[in-house]
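Hi,

Here is the structure I said I would pass on. Have a look at it first, and then read my notes underneath.

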Amino acid sequence: MKIMLAILAATLAAMAAFPAAAAVEVFACEPEWAALAEAIGGDRVTTFSATTGTQDPHHITARPSLIARMRTAQLVVCTGAELETGWLPLLQRQAGNASVLPRAPGYLEAASVVTLKEIPAVLDRRLGDVHAHGNPHIQTDPRHYLPIARAVADRLAQIDPAGAATYRMRLADFETRWQQALARWQSEATALRGVSVLVQHKNLVYLLDWLGMREVAALEPVPGVEPSTTYLTELLRTTASAQPRMVLLAAYESDRPARWVSERARIPMVVLPLTVGGVRGADTLTAVFDVTVQRLLAALQQAQR
Amino acid sequence: MLTQSLLGATALALVLYAAPSVAQQANEIEALRQQLRQLQARIDQLEATQTRAPAPGAAATPGAAPLTGGGGFNPGIGLVLDGRAGYSRLDPETYAIAGTPLGGEAAEGPGIRGLALGEVELNVFANVDNKFFGNATIAVIEEGGEAEVELEEAFVQTLAMPAGLQVTAGKFLSDIGYLNAFHADADDFADRPLAYCAFLGCFVSDAGIRLSWVAPSPFYMRLGGEVMRGDAFPAAGERHNATGARSLFARTGGDIGTAWSWQAGLSWLWSDARDRKTGDGPDVFTGTTDTGIAHLVLKWAPRRGQALKWQTEFLRNHIDGTFNAKLLDRKDHGWYSQLVYQFAPQWSTGYRYDRVSPGDAPAALAGTAIDDMGHTATRHTLVTQWKNTEFSRLRLQYSWDRSRIDERDETIQLQYTMILGAHPAHQY
């Protein structure tokens with residue numbers, strides 16, 4: 001009992017030693033939302049990302065450090081649409097922070113302001129890790145960042161009304177820069193239009209839709225299950241007529257299936273960042289799409305040789 | 001003293017929770033007004049920009065409800081199916097841990113012979129509304145053709161209490177130690193550590209109330225206490241107005257770099273027992289037991305599909321009372337350490353070492369269940385498991401078991417665990 005009281009006293013003393021920061025604390029589930037919050041919030045916010053660019057946001061655990069961060073957060077920005085269903089609800093329940101619970105102004109799901117694709121008609125686990133609300137990998141289409149940035153600015157202004165003018169200004173600035181970047185990427189990537197590709201996991205549907213590329217098939221038999229070589233052999237046979245030009249995967253995935261397909265079918269394998277920090281050089285939001293377009297164009301050139 | 005202060009603090013927290021202050025309501029109204037003003041501004045802005053074509057694929061639906069739910073189910077309903085086939089060198093009926101009276105789940109022992117149906121567990125959970133979460137877990141165990149229903153958990157929990165406080169009420173798995181709060185289907189082994197079974201009846205689940213607090217600190221710190229009826233081993237019989245078990249716990253943890261994380265904790269459980277019966281005799285105990293538990297968990301997760309988890313708990317158990325009407329006052333110690341390595345996305349393997357050293361039995365109690373006759377119970381366990389998805393698992397476990405005083409046991413178990421429907425997220 002004495003030990004437990006001593007721990008309580010030590011905790012209070014340690015808390016006094018770390019005074020709360022003045023800036024709005026933003027807890028982002030993925031690095032892209034941390035980068036976006038920083039673009040909108042500037043010096044008025046401090047951001048923290050629960051996952052890194054090399055981690056699969058489906059599969060992390062509700063670590064103690066994440067509970068501590070969520071306890072003090074004023075705004076939580078996540079993809080939603082069940083992408084973080086394995087850990088986020090638990091963090092929200094354990095952190096004891098009422099201001100970031102679902103439906104509170106301090107909780108924003110990026111997926112709630114864009115239109116989701118691949119909403120399943122039936123929910124059956126036989127079909128693998130399907131998400132009832134649709135494919136949650138919305139961050140791969142750069143056009144989505146415009147409505148999401150507006151939502152982030154709205155929420156920040158709501159939480160920190162004194163900074164509303166700053167957020168509005170920075171949002172306008174972001175929108176201008178992003179529109180220019182979109183126009184640049186779209187003109188650079190015209191050669192990719194209509195190109196057929198294989199993907200390892202179904203997490204690139206929004207990117208392919210933006211670039212006008214065609215997904216012939218996914219290597220995973222059902223989402224979240226690694227394919228066997230027998231399955232891949234059969235897949236290559238049935239998709240040969242569609243002439244896939246390259247095989248794509250995210251930086252956080254094991255490249256075994258894609259590498260096997262790349263070697264067997266003699267098509268380039270392209271590792272894409274998907275988010276900030278996914279691969280070397282993709283260290284800002286703009287750089288993520290710069291690298292993505294560059295890598296796809298390089299692979300196309302290689303495939304044509 | 002502890003019971004009164006914990007109950008008092010919990011009651012105060014609940015009263016404050018139920019009666020939000022007028023100032024808070026005024027704040028809420030002000031916040032709503034502000035939202036309205038912002039929405040009006042947005043509408044004006046949208047109307048002004050309507051002539052501009054919206055970016056394709058970016059059809060905004062601002063203010064849409066969050067999309068995170070229970071996979072389309074409300075509430076989340078999950079059913080755990082568990083089945084086993086086993087070999088046991090010694091008769092599982094004769095199971096014992098040297099020098100300790102076994103209660104709760106421990107009395108049944110971990111071994112099985114032949115085929116067995118494990119627990120069928122029904123789990124229902126949901127947010128009740130914006131302020132409460134509820135969860136019930138009902139286990140059905142079939143033995144000798146008769147189904148027995150066991151209520152493992154049935155609790156409600158506050159969601160939106162201020163200042164990081166949380167109250168849990170009902171029947172719940174106590175937050176003492178590390179492993180105790182986990183459901184058996186989340187364990188890395190087919191059975192609980194010896195020390196847990198010897199001192200806690202494998203797990204403590206009791207009706208009561210818990211108050212916990214997460215500190216708003218840059219590091220993780222969670223403190224809390226529980227007052228429980230005292231129906232679960234090592235407590236027994238109704239005493240002190242059915243508040244026969246009390247606990248305090250503290251947990252802390254953090255990250256080391258991006259791949260490593262840890263959690264450490266210290267907890268204490270005080271239990272009163274009146275005429276607690278254990279064994280076939282039965283042996284009767286009246287008195288108090290206080291159990292201290294220190295735990296440390298270290299995880300390494302460098303990439304998806306590869307992880308290492310090291311978990312150790314040390315238990316100290318002080319028994320003070322009368323055992324079969326003879327005075328007994330002694331301290332027992334026990335610990336386990338386990339290492340589980342996930343070497344491929346679907347495969348993992350692990351090793352656990354167990355040890356329980358009971359204190360000396362007084363001369364008057366020589367030869368009874370609490371006399372270890374100079375033997376220290378130890379066990380080595382190896383496990384390998386294959387998970388097809390998060391929802392299905394096959395497991396093969398071997399143990400070399402020196403729990404009994406006289407003879408060594410060896411057991412092999414093949415187990416399947418399948419989850420139908422929703423499954424609550426795994427805690428750290």
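Below is what turned up, going from domains to chains to the core.

One thing to keep in mind from the start: this is a predicted model.

**Domains of chain A**

The domain assignment splits chain A into domain 1, residues 18–183, and domain 2, residues 190–304. Going by C-alpha atoms, the centres of these two domains of chain A are 26 Å apart. Where they touch, 26 residues of domain 1 of chain A meet 26 residues of domain 2 of chain A. On the domain 1 side, the top contributor is helix α2 (residues 31–41) of chain A, which gives 4 residues. That side of domain 1 is made up of 8 nonpolar, 10 polar and 8 charged residues.

**Where chain A meets chain B**

The contact between the chains involves 66 residues of chain A and 56 residues of chain B. On the chain A side, several elements supply at least two residues each, including α3 (64–72), α5 (145–159) and α7 (205–211) of chain A. Which element gives the largest share of that side? It's α1(A), with 7 residues; this helix covers residues 2–17. By class, the side of chain A that touches chain B has 35 nonpolar, 18 polar and 13 charged residues.

**The nonpolar core**

The largest nonpolar core counts 148 residues. Among those with the most contacts inside it are V26(A), L36(A), I40(A) and V152(A). Helix α5(A) brings the largest share of this core, 9 residues. Both domains of chain A take part, with at least three residues drawn from each of domain 1 (18–183) and domain 2 (190–304).

If you want one residue to click on, try V26(A). Not counting neighbours within four places in sequence, V26(A) is in contact with A34(A), A37(A) and G41(A), and also with V45(A), T46(A), T47(A), A73(A), L75(A) and V77(A). Of these partners, A37(A) and V77(A) are, like V26(A), listed with the residues that have the most contacts inside the core.

**Back to helix α2(A)**

The helix that gives the most to the domain 1 side also packs against another helix: the axes of α2(A) and helix α6 (residues 164–188) of chain A come within 7 Å and cross at roughly 120°. From α2(A), the residues making this contact are A39(A), I40(A) and G41(A); from α6(A), they are Y167(A), R170(A), L171(A) and F174(A). Sorted by class, that contact has 5 nonpolar, 1 polar and 1 charged residues.

Cheers

Note on methods: Residues numbered from 1 in each chain as written. Chains lettered and ligands numbered in written order. Predicted model: local features only at pLDDT ≥ 70, side-chain atom pairs only at ≥ 80, totals over all residues. Domains from an automatic or database assignment. Contact = placed C-beta atoms within 7 Å. Nonpolar A, V, L, I, M, F, W, Y, C, P; charged D, E, K, R; others polar. Core = buried A, V, L, I, M, F, W, Y, C linked by C-beta atoms within 7 Å. Buried ≥ 20, exposed ≤ 12 C-beta atoms within 10 Å, placed from the backbone. Axes fitted to C-alpha atoms, helices over the stretch in contact; angles between N-to-C directions.
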